[in-house]
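The following note is offered for the reader who wishes to check individual residues while viewing the coordinates. The points are numbered so that each may be taken up separately.

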Amino acid sequence: MDEADMDEAMRAQFPLSFGKKTKSTVNADAIHSATRRTSDPILSASTGGVGGGASSSSLLSSSSKSWLTNLRNPNPKSRKLDSDGADGAPDEEEGGGPMIGPPRPAPSDVEPTIGPPRPKETGGDGDDEDGEMVGPPRPPPAATDSDEDSDDGMDDDDGGLGDSIRIPLTNEIVLKGHTKVVAALAIDHSGSRVLSGSYDYTVRMYDFQGMNSRLQSFRQVEPFEGHQVRALSWSPTADRFLCVTGSAQAKIYDRDGLTLGEFIKGDMYIRDLKNTKGHISGLTGGEWNPKNKDTILTSSEDGSLRIWDVSDFKSQKQVIKPKLARPGRVAVTSCTWDHEGKRIAGGVGDGSIQIWNIKPGWGSRPDIHVQKAHTDDITCVKFSTDGQILLSRSTDCTLKVWDLRQMKVPLKVFEDLPNNYAQTNAAFSPDEQLILTGTSVEKESTSGGLLCFFDRKRLELVSRVGISQTCSVVRCAWHPRINQVFATMGDKKEGGTHILYDPSLSQRGALVCVARAPRKKSIDDFEVQPVIHNPHALPLFRDAPSRKRQREKALKDPLKSHKPDLPVTGPGFGGRVGSTKGSLLTQYLLKQGGMIKETWMDEDPREAILKYADVAAKEPKYIAPAYADTQPQPVFHESDSEEEK
């Protein structure tokens, strides 16, 4: 048997389609065109003029433009320049519109340039869009970057342009399911699983690898009935997650949403919080230690921060009481770890920011105390990875950037950022060159919920992206592994998680589930509509049973067939006393023996006892003989009723 026959014999053991490559009929352009972000009136121009144009095309990076050009013009001859690393043709098409006519290999054919033609180095730069080239043509790519910067009105010296145009904003999907504001968000480190907590008291779990284009959650959990979900945090190994609600007890779940335990609640009648075993009021925030998988941090309305050991739910490791100007209890509204898990920062209800360094023998006295950092509740504090910058977001409509080496005065205060929710946060981009935060919807405002991006170095607004016309943006995150931006929003009627991505910049995540079509219904999924019932399946159509059967059934029922007992006229039976004479000795003694008279209820108790006094004195039988010598003579009081009359 030759090799071909062996392959055929082996193939006979498998289905016919096994091992054959199926041709993919799904076009990438068709998949992502449905999630494409169109021109949004909310999208307003920023101070730098980058990323905030009236159309989404101004937000595209060079690689995004190249990807769009490849889809629009699949002819490889028109993209000879791309093989050498020059991305002039995409920029040219985006700046001047779609390409008309046959593909042109050399950019010198597009518009005249000054100096000798250099097709591979200078073709398709921002100079072509402006119609003229400034200076002699130069092969280094620095000239390309500077020309692009001149088009967008920004300088490349600070790196602001490079950071802003890398924001993945071209496409968008929404994870729905909640009925109220989504106030908690957590993405695991691999970017494959997303948790969202809402004011509707539930936590929904989404898995990109298992979802299809319907974007449905695979599990829904309600940690505490009637308590809002306020914070979610994954463990460093992403095998468990922390759930913080409006109750006084935080819960730990495994990766699949099964409860592992809840922390103990303290005694609310103990005044000193350090002597309580746990929180006594609702929690406001919580976060897992980024380096230690067994340590978490929680903050509460009772005015304390507590460090817990996940392996023991009945004890706490440390109780931290913030420093206050006056004795009392002021709520701690937010808390966070630094990147190394060696410092703790907390936002206190009096507007102060306090930071503690974890070291041997440390206590509740803060190492850094900034009084009146904000004029209202602090909703978020966030450390940078390098440990130099601290962000603070507050309901006073500001976002402040602090230098941890000099905390007296903030580096920058970004104002006019409405915030109506106690869970609104601020986050960094993966390279931490950008800062992003969300805004709330106000009654008289028409801008809607925005996602604002700020440059960390120049401390200025880079772009504002509209997320929703009617709903506020609460939580936001930019995941470094999949390069996708998450923003939660909602109001009293609905809530969802918006995911912004770019097919050319992002990886996995939303790209996986959007391209996966829902499973087609097979013949096994057939259901009869409407449901057909048998003739006698419902009680309405059943025949009434005959009376004879009802009587027979009632006779067998001990309760229905029970008859009251008649008076006994003959000898007693079954423990009942009969009415005849001499049936039993007990009956004779009770009835005729004279021990119990039937008229005893009509007699006077005093007279009934005194009539036996003479008999007891003459014929003592029981107690009297024993006390005959020592007991004094009893004298009974005579009735004085006649004297009173």
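1. A residue is called buried when its relative accessible area is under 20%, exposed when that area is over 50%, and partly exposed in between. On this scale Leu459 counts as buried, because its relative accessibility is 18%. Leu459 sits in the loop between β24 and β25 (460-468). Its backbone deserves inspection: phi is positive, at about 55°, although Leu459 is not a glycine. The reader should bear in mind throughout that this is a predicted model.

2. A second backbone of this kind is found at Ala238. Here phi is near 60°, a positive value in a residue other than glycine. Ala238 belongs to the loop between β6 (229-234) and β7 (240-245). With a relative accessible area of 10%, Ala238 is buried.

3. Next to be considered is the pair Arg458 and Asp455. Their side chains meet in a salt bridge, with N and O 3.9 Å apart; the cut-off for such a bridge is 4 Å. The two partners fall into separate accessibility classes: Arg458 is partly exposed because its relative accessibility is 21%, whereas Asp455, at 1%, counts as buried.

4. Salt bridges that share partners join Arg193, Asp207 and Asp256 into one network. Within this network, the side chains of Asp207 and Arg193 form a salt bridge of 2.9 Å, N to O. Asp207 lies in strand β4 (residues 203-207) and Arg193 in strand β3 (residues 193-198), so the bridge ties together parts that are 14 residues apart in sequence. Asp207 is buried at 16% relative accessibility, and Arg193 is buried with a relative accessible area of 9%.

5. How many salt bridges does the structure hold? The total is 15. One of them joins Arg37 to Glu172, the closest N and O atoms being 2.7 Å apart. This pair links distant parts of the chain, since Arg37 is in the loop between α2 (28-33) and α3 (62-72) while Glu172 is in strand β1 (residues 171-178), and 135 residues separate the two. Both Arg37 and Glu172 are buried.

6. Asp302 presents another arrangement. Asp302 is placed in the loop between β11 (295-300) and β12 (305-309). Although buried, Asp302 has no salt bridge; the nearest side chain of opposite charge belongs to Arg306, at 4.0 Å. Which side chains make polar contacts with the side chain of Asp302? One is that of His279, at 3.3 Å. Another is that of Ser304, where the contact is 2.9 Å.

7. The surroundings of Asp302 can be followed further to Met268. The C-alpha atoms of Met268 and Asp302 are separated by 9.5 Å, with the two positions 34 residues apart along the chain. Met268 lies in the loop between β9 (259-262) and β10 (283-288). Because its relative accessibility is 45%, Met268 counts as partly exposed, whereas Asp302 is buried.

8. Ser384 is a further loop residue with polar contacts. Its place is between β18 (378-383) and β19 (389-394). Is Ser384 buried or exposed? At 1% relative accessibility, Ser384 counts as buried. The side chain of Ser384 makes a polar contact of 2.5 Å with the side chain of Asp386. The Ser384 side chain also reaches the backbone nitrogen of Gln388, at 3.3 Å.

9. The last point concerns the surface. Glu415, Asp416, Glu442 and Glu444 gather there in a patch of negative charge. Among these residues, Glu444 is found in the loop between β23 (434-438) and β24 (449-455). Glu444 counts as exposed because its relative accessibility is 79%, and the cut-off for that class is over 50%.

10. Some positions may be worth viewing again with these points in mind. For the backbone, they include Leu459 and Ala238, each with a positive phi. For charged groups, they include Asp302, buried without a salt bridge, and the pair of Arg37 and Glu172, which does form one. As stated at the outset, the model is predicted.

Notes:
Residues numbered from 1 in each chain as written. Predicted model: local features only at pLDDT ≥ 70, side-chain atom pairs only at ≥ 80, totals over all residues. Heavy atoms only, no water. Patch = residues over 30% accessible without salt bridge, like charges linked within 9 Å, V, L, I, M, F, W, Y side chains within 5 Å. Areas by Shrake-Rupley, 256 points an atom, 1.4 Å probe, with all protein chains shown as cover. Lys, Arg positive; Asp, Glu negative; His and termini not counted. Charge placed at Lys NZ, Arg CZ, Asp CG, Glu CD. Helix = DSSP H or I, 4+ residues; strand = E, 2+ residues; numbered from the N terminus. Buried < 20%, exposed > 50% of the residue type's maximum accessible area, 1.4 Å probe, protein only. Polar contact = N/O pair within 3.5 Å; in protein donor to acceptor, adjacent residues only side chain to side chain.
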